[in-house]
Amino acid sequence: MKQNAIIWPEKYTPGTTDNYCSNEVIVVGLTSEEVWKYLVNPFAWPSYYSNSSDIEFLNPEDKELYEGVRFRFKTFGFPIEAQVTECVPPAAGEAARLAWHGWAEGDEETRLDVIHAWLIEDLSGGRVRILTQESQIGKPAQHLAKQKPNPMINGHQDWLDGLAEAAKNKL
């Protein structure tokens, strides 16, 4: 079986940036559609991922993520501005995809630029694969890459585990 992969803008190709992390879970008893609704609703994130807060859309009428939408949130101590660059809901035989360009404003020492991408796909045997990857550019990313244990790997694993649990328990 062929597994799908994240589609990277060239500037953010893993291995060429200052920091990169990849996390994945495969869960039985869920579908991509069940997971998707908890991911595209950022207001739900704090209920299953304690490292996200202060979510707001630039347009207060927006309630979920879609391609082109701008939003803000806090994570890993950074206030992040973000714009969704890819949003493909689940469809039969196709992986769901969500990605955003996020940034923390600042000077050469404090600016952070990231692409955070998600891929959710149904697998045989009633399983779903949830993959999240992030590629980062900037001095803060260089600092994060050197920390042991890696806060990005651990934090994103918490996000994946929480997302799967929220979908399973229909929180």
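How many positive and how many negative side chains does the protein chain have, and how far apart do the centres of the two sets lie? There are 16 positive and 25 negative ones, and the two centres sit 3 Å apart. Keep in mind as you look around that this is a predicted model.

**View 1. The whole chain, with its 4 helices and 7 strands.**
Start by walking along the sequence: the elements come in the order β-α-α-β-β-β-β-β-β-α-α. Measured out along the principal axes, the C-alpha atoms fill a box of roughly 50 × 40 × 30 Å. A compact globule of 171 residues would have a radius of gyration near 16 Å, and the 15 Å of this chain agrees with that. Buried residues make up 48% of the 171. Now for the outside: about 8500 Å² is exposed, and carbon and sulfur atoms supply 51% of that area. As for who touches whom, take the contacts between residues at least 6 apart in sequence; 55% of them join residues at least 24 apart.

**View 2. Helix α3 and its two sides.**
Here we zoom in on α3, which spans residues 139–146. Pro140, Ala141 and Leu144 are buried in this helix. These three cover an arc of only 100° around the axis, so they end up on the same side of α3. Go round to the other side and you meet His143 and Lys146, which are exposed. What do the buried residues of α3 pack against? Their partners are the strands β1 (19–28), β4, β6 (112–123) and β7 (127–137), along with helix α4.

**View 3. A cis peptide bond in the loop after α3.**
Follow the chain out of α3 and you come to Pro149, in the loop that leads to α4 (151–169). The peptide bond from Lys148 to Pro149 is cis, with omega near -5°. That is worth a second look, because most peptide bonds are trans.

**View 4. Ala117, tucked into strand β6.**
Ala117 is found in β6, one of the strands that the buried residues of α3 pack against. Is Ala117 buried or exposed? Its relative accessible area is 2%, so Ala117 counts as buried. Leaving aside residues up to four places away in sequence, Ala117 touches Ile6, Leu98, Ala99, Leu131, Thr132 and Gln133. For a sense of distance, pick out Pro79: it is 38 residues from Ala117 along the chain, and their C-alpha atoms are separated by 18 Å.

**View 5. Asp54, a residue with positive phi in strand β2.**
Next up is β2, made of residues 53–57, where you will find Asp54. Phi of Asp54 is positive, about 55°, although this residue is not a glycine. The backbone angle stands out because most residues other than glycine have a negative phi. With 48% relative accessibility, Asp54 counts as partly exposed.

**View 6. Phe76, a positive phi in a loop.**
Phe76 lies between β3 (70–75) and β4 (78–88), in the loop that links the two strands. Phi of Phe76 is near 50°, again a positive value in a residue other than glycine. How does Phe76 count at 22% relative accessibility? Buried would need a value under 20%, so at 22% Phe76 counts as partly exposed.

Technical notes:
Residues numbered from 1 in each chain as written. Predicted model: local features only at pLDDT ≥ 70, side-chain atom pairs only at ≥ 80, totals over all residues. Heavy atoms only, no water. Buried < 20%, exposed > 50% of the residue type's maximum accessible area, 1.4 Å probe, protein only. Arc of directions from axis to C-beta. Contact = heavy atoms within 4.5 Å. Rg over C-alpha atoms; globule rule 2.2 N^0.38 Å. Areas by Shrake-Rupley, 256 points an atom, 1.4 Å probe, with all protein chains shown as cover. Lys, Arg positive; Asp, Glu negative; His and termini not counted. Charge placed at Lys NZ, Arg CZ, Asp CG, Glu CD.
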